Amino acid sequence: MPLMTGDEYVESIRRKKMQIYLLGEKIIGPVGNPILAPSLNAVKMTYDLAQDEKYRPLLTACSHLTGHVINRFTHIHQNREDLIAKVKMQRLLGQKTASCFQRCVGMDAINAVFSVTYEIDRKYKTAYHNRFLRYLEKCQEQDLVIDGAMTDPKGDRHLPADRQTNPEAYLRVVERREDGIVVSGAKCHQTGACNSHEILVMPTVSLGSGCEDYAVSFSVPIDTPGLLMIIGRQSCDTRKRESAPIDTGNQRFGGVEALVIFDHVFVPNDRIFMNGETEFAGSLVERFAAYHRQSYGGCKTGVGDVLIGAAALAADQNGTAKTSHIKDKLIEMTHLNETMFSCGIACSCEGCPTAAGNYSVDLLLANVCKQNVTRFPFEMARLAQDIAGGLMVTAPSQKDLENPDTAEYIRKYLTAADCASAQDRLKLLRLIENLTLGTAAVGYLTESLHGAGSPQAQRVVIARQSNLDEKKKLAERIARLESSDRR
Ligand code: SF4
Ligand code: FE
């Protein structure tokens, strides 16, 4: 059966000879690194839950290529039920990790590349789709993590790719050879790059003629020569190596992002899925973005469930759980969280088949989903901090709790209602801090804002999909405007 266990996954990443830089130093890899290991654990959860009978229906699917049971993260959505299961799986993983579990970018990328390669072949009689299917089958059979890579640095955003001062502000083909292409450039904010086996590159914007070298999609193993990662800093990241797990808030799980550099990376022909077909760049961007905007209706609500639970526990500890305004704030958090989830489910239920046969989400509803996600987690974080109280940012450290000079004072003054121990109180407050200000806030807040496209990117699609003319006609008819009689 092509499913790896969590431990086998970790071993497979250990064997990768990646080029990774973290805090100014070259490191061997994420396995055993105190700052990166929590992010590896979060991805590992996508393997562990697939082994668990209870979660297998959500975490696995039947490959349409081989008929084998595969991890849902490598699956091509065959129907609306698959789209719905995806969102529910993401919510579950958010609940289990309270962080970004990183594997969705690859799932969203393979579904977008699947349909676009089919359409390129139909127009140009190229052979990208079959080539992609062979690649996909290998990823399914080996249960690989694929890092979907879209965002280029973009340089001066007023200028197109081919007029930038730095010609590699957008990743491009720098050499075409008989046996493949050589590419240079970078992809920013690459979620989970150092925990992935493969990186699947796509263009980042619609491209016009003259930009053929930028219209490129391909995949290479993450340890390909010429590819290196510079890990992004996260707020409070070095707490993870202080040997004070309470202060990290979420000791076991976290997310990771990297700036991934492609310095003359060779891509063999059998791994190229677009090479110069500029008019399809926009479709690839739009489809990947729609799938990833759907994803946020799942993962962020799972993390939101943990935040709501933490806020409710903080209220218990503070003795304020029965206070009406606290109850109302918890209701508001739940309302916001379920609204995001509803959008993720709705855009899945309204999904439709593509020409290639896989299922796409409803574009308008997926963008409405993500637009809500750019706002609601921030309000939920504000409410959680309100309920938790200022101690969340003024509490002493674990080391003070362990120091005999101060330990008794901390126990005496920070033990709260229901005899909640000072230690449990600190653990809970640090979790809320982690989710709203610390390392997990990268995934829960800033990524909610900018991941899968910043708010304006959704508004552009919402404007395009809003069908104002049809709505005007509806109003004209009801109001019996004179012009409506002519329609
Ligand atoms: Fe998955 Fe959410 Fe992380 Fe994106 S932000 S990779 S959808 S968990
Ligand atoms: Fe993301």
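This passage describes how the two domains of the protein chain meet in a predicted model.

The domain assignment divides the chain into two parts. Domain 1 covers residues 6-279. Domain 2 covers residues 283-471. Their C-alpha centres are 24 Å apart. Domain 1 contributes 56 residues to the contact, and domain 2 contributes 50 residues. Together, domain 1 and domain 2 bury about 4300 Å². Carbon and sulfur atoms account for 63% of this buried area.

Charged and polar pairs also span the interface. Between domain 1 and domain 2, 5 salt bridges are found. A salt bridge also joins the side chains of Arg 91 and Asp 305. In that pair, the N to O distance is 2.8 Å. Arg 91 falls within the bounds of domain 1 (6-279), whereas Asp 305 falls within those of domain 2 (283-471). Polar contacts across the interface involve 25 residue pairs, with both residues at pLDDT 80 or more.

On the side of domain 1 that touches domain 2, three helices each supply at least two residues: H4 (80-97), H5 (104-124) and H7 (245-248). Arg 91 lies within the range of H4 (80-97). The most residues come from H5, which gives 13 to this side of domain 1. By residue class, the side of domain 1 that touches domain 2 holds 24 nonpolar residues, 18 polar residues and 14 charged residues.

Key:
Residues numbered from 1 in each chain as written. Chains lettered and ligands numbered in written order. Predicted model: local features only at pLDDT ≥ 70, side-chain atom pairs only at ≥ 80, totals over all residues. Heavy atoms only, no water. Domains from an automatic or database assignment. Contact = heavy atoms within 4.5 Å. Buried area = accessible area lost by both parts, 1.4 Å probe. Salt bridge = Lys/Arg side-chain N within 4 Å of Asp/Glu carboxyl O. Polar contact = N/O pair within 3.5 Å; in protein donor to acceptor, adjacent residues only side chain to side chain. Helix = DSSP H or I, 4+ residues; strand = E, 2+ residues; numbered from the N terminus. Nonpolar A, V, L, I, M, F, W, Y, C, P; charged D, E, K, R; others polar.
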